[in-house]
Amino acid sequence: MARSAYNMLLIVGCVGMLLMLSKQGSAEQHVVGGKQGWDESTDYDSWASGQTFKVGDTLVFKYSPMHSVAELGSESEYKKCDLGTATNSMSDGNSVVKLTKEGTRYFACGTPGHCDSGMKVKITTVSASSSGSSSSSATPSSATPTATSTSTSGATCVSGSFAFMGAFLALLF
Ligand SMILES: [Cu+2]
């Protein structure tokens, strides 16, 4: 009797915690380039492949005044670093871009020569409901962050269950 009540609580607490986590984790902020930020020394392809960009997430470009951010209209402009038709040019040093829909967007630094030396990034946004696993087939390296977040929420789930049980026991006695 007591044992099954304990199990029930564990399950209810666990499910509740996971639901809360999935709601909180729905909109993420991606600092482009990670700790390095937006500069010439970062490998943006490998940075982007380790991230899952979902509709509703935001990109944050952090950079010094020698750089800027310009959005390019197409894959070919991105490949050629053709900044002639760039839209949405930003130079405030802390540029926030909201990913409002699925698809691929292209960004490059507007300072002459920087895009050609690799200061550009391609962001592919997936629907908010798709899990990290759907994109992991295309980008194998995203498997690592997915595994990390799963184990983190697992640990939170267990501790959350104990907190839930504690609250319940406090009500009883
Ligand atoms: Cu630059």
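**Exercise 1. Which residues touch the most other members of the largest nonpolar core?**

*Before we start.* Residues are numbered from 1 along each chain as its sequence is written. The model is predicted: local features need pLDDT of at least 70, side-chain atom pairs count only at pLDDT 80 or more, and totals for chains, interfaces and linings use all residues.

*Step 1.* Learn what to look for. A nonpolar core is a set of buried Ala, Val, Leu, Ile, Met, Phe, Trp, Tyr and Cys residues joined through C-beta atoms within 7 Å. A residue is buried if 20 or more other C-beta atoms lie within 10 Å of its own, exposed if 12 or fewer, and partly exposed in between, with C-beta atoms placed from the backbone.

*Step 2.* Find the residues. The largest core has 18 residues, and F61, V69, F107 and A108 touch the most other members.

*Step 3.* Find the elements. Helices (H or I, at least four residues) and strands (E, at least two) are DSSP runs, numbered from the N terminus. Two or more core residues come from each of β3 (58-62), β4 (69-72), β7 and β8. The biggest giver is β4, with 3 residues.

**Exercise 2. Work out the order of the open sheet of 5 strands, and find its edges.**

*Step 1.* Recall the rule: two strands pair if DSSP finds at least two bridges between them.

*Step 2.* Go through some pairs. Strand β2 (residues 53-54) runs parallel to β8 (residues 120-126), with 2 bridges; here K54 has V126 as its bridge partner. Strand β7 (residues 103-108) runs antiparallel to β8, with 6 bridges, and G103 is opposite T125. Between β4 and β5 there are 2 bridges in the antiparallel sense, with E71 opposite T87.

*Step 3.* Put the strands in line. The order is β2-β8-β7-β4-β5, and the pairing is mixed. Each of β2 and β5 (87-90) has a single partner strand, so one side of each has no neighbour in the sheet.

**Exercise 3. Describe the open sheet of 3 strands, then place F61 in it.**

*Step 1.* The order is β1-β3-β6, again with mixed pairing. At the edges are β1 (29-31) and β6 (94-98), which each pair on one side only.

*Step 2.* Look at one pair: β3 and β6 run antiparallel and share 5 bridges. Within it, the bridge partner of F61 is S95.

*Step 3.* List the contacts (C-beta atoms, placed from the backbone, within 7 Å). Leaving out residues up to four places away in sequence, F61 touches V32, W38, V69 and S95.

**Exercise 4. Is G37 buried, exposed or partly exposed?**

*Step 1.* Locate G37: the loop between β1 and α2 (44-49).

*Step 2.* Count. There are 18 other C-beta atoms within 10 Å, so G37 is partly exposed.

*Step 3.* Check who is around. Not counting residues up to four places away in sequence, G37 touches V31, K62 and Y63. G37 and F61 are 24 residues apart in sequence, and their C-alpha atoms are 6.6 Å apart in space.

**Exercise 5. Compare the backbone and the setting of C81 and N88.**

*Step 1.* Start with a general point: most residues other than glycine have a negative phi.

*Step 2.* Now look at C81, which has a positive phi of about 55 degrees although it is not a glycine. N88 is not a glycine either, and has a positive phi of about 55 degrees.

*Step 3.* Place them. C81 is in the loop between α3 (75-80) and β5, whereas N88 lies in strand β5.

How values were computed:
Two residues are in contact if their C-beta atoms, placed from the backbone, lie within 7 Å.
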